[in-house]
Amino acid sequence: MRLRNLIIVTVIVPLFLVLMVFSLVAIKSLEDNVRSKLETEVQTISRAIGTSLGYALTRESPESLQETLQSAFSYNRIYGAYVFDITGNEIHGLGLGEALYDAEELQAVVEAGEMHSDYREEDGWTYFSTLMPLRAPDGTILGVLQVNRLNTGIENYTGFLSLLALVAFGIGAAGIVLGIWWMFRRHIERPLSRLLEVMERVARGERRQRATIRGLDEFRRLGLALNHMLDALSEKDADIEARQRREIELERRLRKSRKLAELGVLAAGVAHEVGTPLTVIEGQAQRLERRDGIGDDERRRLGRIRGEVQRIVEIVRQLMDLGRQHSVDKERLALDDLVHDARQLVEADLEARDIRLEPTLPDPPLMLLANGQQLVQVLTNLLRNATQAEGVRRIRLVARRRDDSLCLTIEDDGCGIPEADRTRVFDPFFTTKPVGQGSGLGLSMVHRIINDHGGSIGAFDSALGGAGFEIVLPLEDTPP
């Protein structure tokens with residue numbers, strides 16, 4: 001059952017029933033009281049003039065009888081008074097209601113010797129009539145007095161008033177019920193329906209839905225509380241989603257770190273095995289280059305062999321560093337000094353390509369516990385990669401503090417990193433440069449150094465239009 005109908009059935013209807021019962025009882029009491037007063041009044045007047053009329057009958061004086069009746073009839077509310085003899089014949093009378101009783105009824109009163117009262121109707125009118133025996137001084141009954149009162153005014157309309165009261169009560173009750181129904185629908189049911197609709201939409205997934213704050217104070221407070229609850233849920237959902245994204249990203253980076261570690265160990269093993277043959281090749285080429293019997297062309301070729309061998313040796317060294325476990329010697333350093341040192345190392349590349357470096361560093365400078373040489377190598381590799389990218393004219397370096405960590409981003413306005421290559425940029429030997437211009441180990445070394453410092457690094461699309469790298473490092477000492 002709906003709340004509106006429940007209130008009407010359990011509160012309004014019983015209240016109206018009680019009021020109706022009390023109204024009917026009150027009307028009935030009024031009617032009985034009026035009738036009682038009417039009867040008492042007629043009987044009192046009958047007794048008052050009965051003695052005088054008895055003396056008039058004893059003296060057989062029609063004049064006295066007429067005077068007594070006229071004095072009684074002078075009362076405004078007395079409409080009829082008649083005197084009959086003991087046989088029922090009229091002696092004298094005035095007013096209305098003469099033929100209310102027949103002779104037999106009058107003789108019955110004489111025989112009974114007691115007053116008799118009754119309601120009678122004549123010509124559509126209702127009378128209250130009293131028959132009283134008229135006695136002589138010695139107690140002999142000489143006749144009968146009939147006093148009639150026309151039932152007019154409120155006495156005649158008590159039944160009609162009762163019906164009218166019931167009709168008015170019914171109309172009033174219907175109006176009150178209709179008013180309560182309308183007020184309930186406007187001020188209670190509609191606000192509740194709006195709040196329910198909001199909750200249903202939220203349950204269907206519309207998490208941005210909010211209640212409209214209007215109406216009575218209670219519903220305004222309820223709407224505010226609902227909106228606060230939904231805002232708190234949205235914040236919690238956003239926090240959970242952000243935490244899930246961080247966990248997914250962390251898991252991805254952990255898988256990447258494991259993969260790089262495995263590749264590093266494999267590369268170190270291969271480099272160790274390649275190192276000995278390279279040493280032999282370098283030594284033999286050097287001995288041949290020292291002979292006097294070779295020409296300039298052969299000597300140039302041997303020099304190129306030795307140069308390529310040195311390049312292979314450098315790659316082997318990097319591979320061995322990539323797979324080796326490192327102990328990082330840390331000290332407290334200012335971030336501004338590290339950025340300044342890295343900028344000095346790539347200044348020539350920046351000027352040669354007319355590239356503008358825009359550093360944004362916090363003030364006061366951030367202090368972090370790290371290996372300065374390795375972090376300068378990280379910054380140098382990232383900045384040099386940006387200067388070598390096609391179409392770069394601007395590099396932006398931004399550092400900021402995030403809780404207990406340093407967040408460092410390096411972005412450029414170049415062509416960026418293709419989506420398919422973004423997950424492979426930290427793999428050993430992966431490079432987008434032409435053959436002979438890069439070993440593909442620079443970003444792998446950067447990844448290894450950042451991991452050794454207990455941090456993380458990731459690639460993203462820069463707002464400048466090119467590639468972006470984000471480095472997160474702890475400001476205090478943290479195990480890798």
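Helices (H or I, at least four residues) and strands (E, at least two) are DSSP runs, numbered from the N terminus. The model worked on here is predicted.

**Exercise 1. Work out the strand order of the five-stranded sheet, and find its edges.**

Step 1. Read across the sheet. The order is β2-β1-β5-β4-β3, and the sheet is open. The pairing is antiparallel.

Step 2. Look for strands that pair on one side only. These are β2 (90-95) and β3 (116-122), the edge strands.

Step 3. Add the twist. From one strand to the next it averages 20 degrees.

**Exercise 2. Describe how β4 and β5 pair, and name the bridge partner of Arg-135.**

Step 1. Locate the strands. β4 covers residues 125-135, and β5 covers residues 141-150.

Step 2. Count the bridges. There are nine, in the antiparallel sense.

Step 3. Go to Arg-135. Its bridge partner in β5 is Ile-141.

**Exercise 3. Find which strands helix α3 touches, and give its angle to β5.**

Step 1. Find the helix. α3 spans residues 103-112 and packs on the sheet.

Step 2. List the contacts. α3 touches β1 (80-85), β3, β4 and β5.

Step 3. Compare directions. The direction of α3 makes about 120 degrees with that of β5.

**Exercise 4. Characterise the largest cavity: its volume, its lining and the class of its lining residues.**

Step 1. Start with the search. Across the whole structure, two cavities reach 30 Å³ or more. The largest holds about 60 Å³ of space.

Step 2. Trace the wall. The lining residues include Leu-335, Leu-375, Val-378, Leu-408, Ile-450 and Leu-473.

Step 3. Assign elements. At least two lining residues come from each of α7 (335-352), α8 (372-388), β10 (405-412) and β12 (467-474). α8 gives the largest share, three residues.

Step 4. Sort by class. The lining has 10 nonpolar residues, with no polar and no charged ones.

**Exercise 5. Do the same for the second largest cavity.**

Step 1. Take the volume. It is about 30 Å³.

Step 2. Trace the wall. The lining is Lys-330, Leu-368, Leu-369, Ala-370, His-453, Leu-473, Pro-474 and Glu-476.

Step 3. Assign elements. β8 (367-370) and β12 each supply at least two of these residues. The largest share, three residues, is from β8.

Step 4. Sort by class. Five lining residues are nonpolar, one is polar and two are charged.

Step 5. Cross-check the two walls. Leu-473 lines the largest cavity, and Leu-473 also lines the second largest.

Definitions and conventions: Residues are numbered from 1 along each chain as its sequence is written. This is a predicted model: local features need pLDDT of at least 70, side-chain atom pairs count only at pLDDT 80 or more; totals for chains, interfaces and linings use all residues. Side-chain values use heavy atoms; hydrogens and water are left out. Two strands pair if DSSP finds at least two bridges between them. Axes are lines fitted to C-alpha atoms, for helices over the stretch in contact, and angles run from 0 to 180 degrees between N-to-C directions. Contact means heavy atoms within 4.5 Å. On a 1 Å grid over the protein atoms alone, a cavity is a set of points where a 1.4 Å probe fits but cannot get out, and a pocket is an open set with protein on both sides within 12 Å along at least five of seven lines; lining residues have an atom within 4 Å of a point. Grid points are joined across faces, edges and corners, and a volume is the space filled by probe spheres set on the points. Ala, Val, Leu, Ile, Met, Phe, Trp, Tyr, Cys and Pro count as nonpolar, Asp, Glu, Lys and Arg as charged, and the others, Gly among them, as polar.
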